[in-house]
Amino acid sequence: MKKTIVIALMILFIAPVSFAMNKQTTMNTFTQELATKKLSPFCMAIVKGDLETVKKFIELGSDVNESSEGMTPLMYAARYNRLDIMRVLINEGAKINVKSGQGFTAMKYAKLSNASEAVALLKELS
């Protein structure tokens, strides 16, 4: 009887510890990417889809072709399917066929992200 009680107590104390050790923290891809990269504020506004902030950055002199983490602002806009931002960037002189540090264009990033509207816009403008 004593052995049964001791075993039951051990199970009660060991089980919560093992469950706590197996706890996994989940983050979505978007949050994880932003946490691991040091994007420029301009590209961060593009990723978030903040059109007014993007326009303000351009108004204040941000270069629409300056890369951040190896990608141009147009590549971020294409990857995250930000059509309005893509139009603004292109109207301000963003180069469509520039390659990233990985050798991808904005079109390739749009295709990799299944951003079909961005792909259609880039095809139309190319």
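Start by selecting Thr 105, which sits in the loop between H6 and helix H7 (106–112). (Helices are DSSP runs of H or I with at least four residues, numbered from the N terminus.) This is a predicted model, so local features need pLDDT of at least 70 and side-chain atom pairs count only at pLDDT 80 or more, while totals for chains, interfaces and linings use all residues. Residues are numbered from 1 along each chain as its sequence is written, and side-chain values use heavy atoms, with hydrogens and water left out.

Is Thr 105 buried or exposed? Thr 105 has a relative accessible area of 18% and is buried; the cut-offs are under 20% for buried, over 50% for exposed and partly exposed in between, with a 1.4 Å probe and protein chains only. Now show what Thr 105 touches: leaving out residues up to four places away in sequence, you get Met 75, Ile 96, Asn 97, Val 98 and Lys 99. A contact here is heavy atoms within 4.5 Å.

Next, pick Phe 104 and Tyr 109. Their rings make an edge-to-face aromatic pair, 5.5 Å centre to centre with 75° between the planes. (Rings of Phe, Tyr and Trp, the last by its six-membered ring, pair if their centres lie within 6.5 Å; planes under 30 degrees apart are stacked, over 60 edge-to-face, the rest tilted.) Phe 104 is partly exposed at 25% relative accessibility, whereas Tyr 109 is buried at 5%. Add Lys 108 to the selection: Lys 108 lies over the face of Phe 104, 5.9 Å from the ring centre. That label requires NZ of Lys or CZ of Arg within 6 Å of the ring centre and within 35 degrees of the ring normal.

Time for some helices. Select H3 (residues 41–48) and H4 (residues 51–59), which pack at about 155° with axes 8 Å apart. Axes are lines fitted to C-alpha atoms over the stretch in contact, and angles run from 0 to 180 degrees between N-to-C directions. That makes H3 roughly antiparallel to H4; the bins are under 35 degrees for roughly parallel, over 145 for roughly antiparallel, 65 to 115 for roughly perpendicular and oblique for the rest. To see the interface, light up Pro 41, Phe 42, Ala 45 and Ile 46 in H3 against Thr 53, Val 54, Phe 57 and Ile 58 in H4.

Keep H4 and bring in H6 (residues 83–91): these axes come within 10 Å and cross at roughly 15°. H4 and H6 are therefore roughly parallel. Here Leu 51, Val 54, Lys 55 and Ile 58 in H4 meet Asp 84, Ile 85, Val 88 and Leu 89 in H6.

Key. Helices (H or I, at least four residues) and strands (E, at least two) are DSSP runs, numbered from the N terminus.
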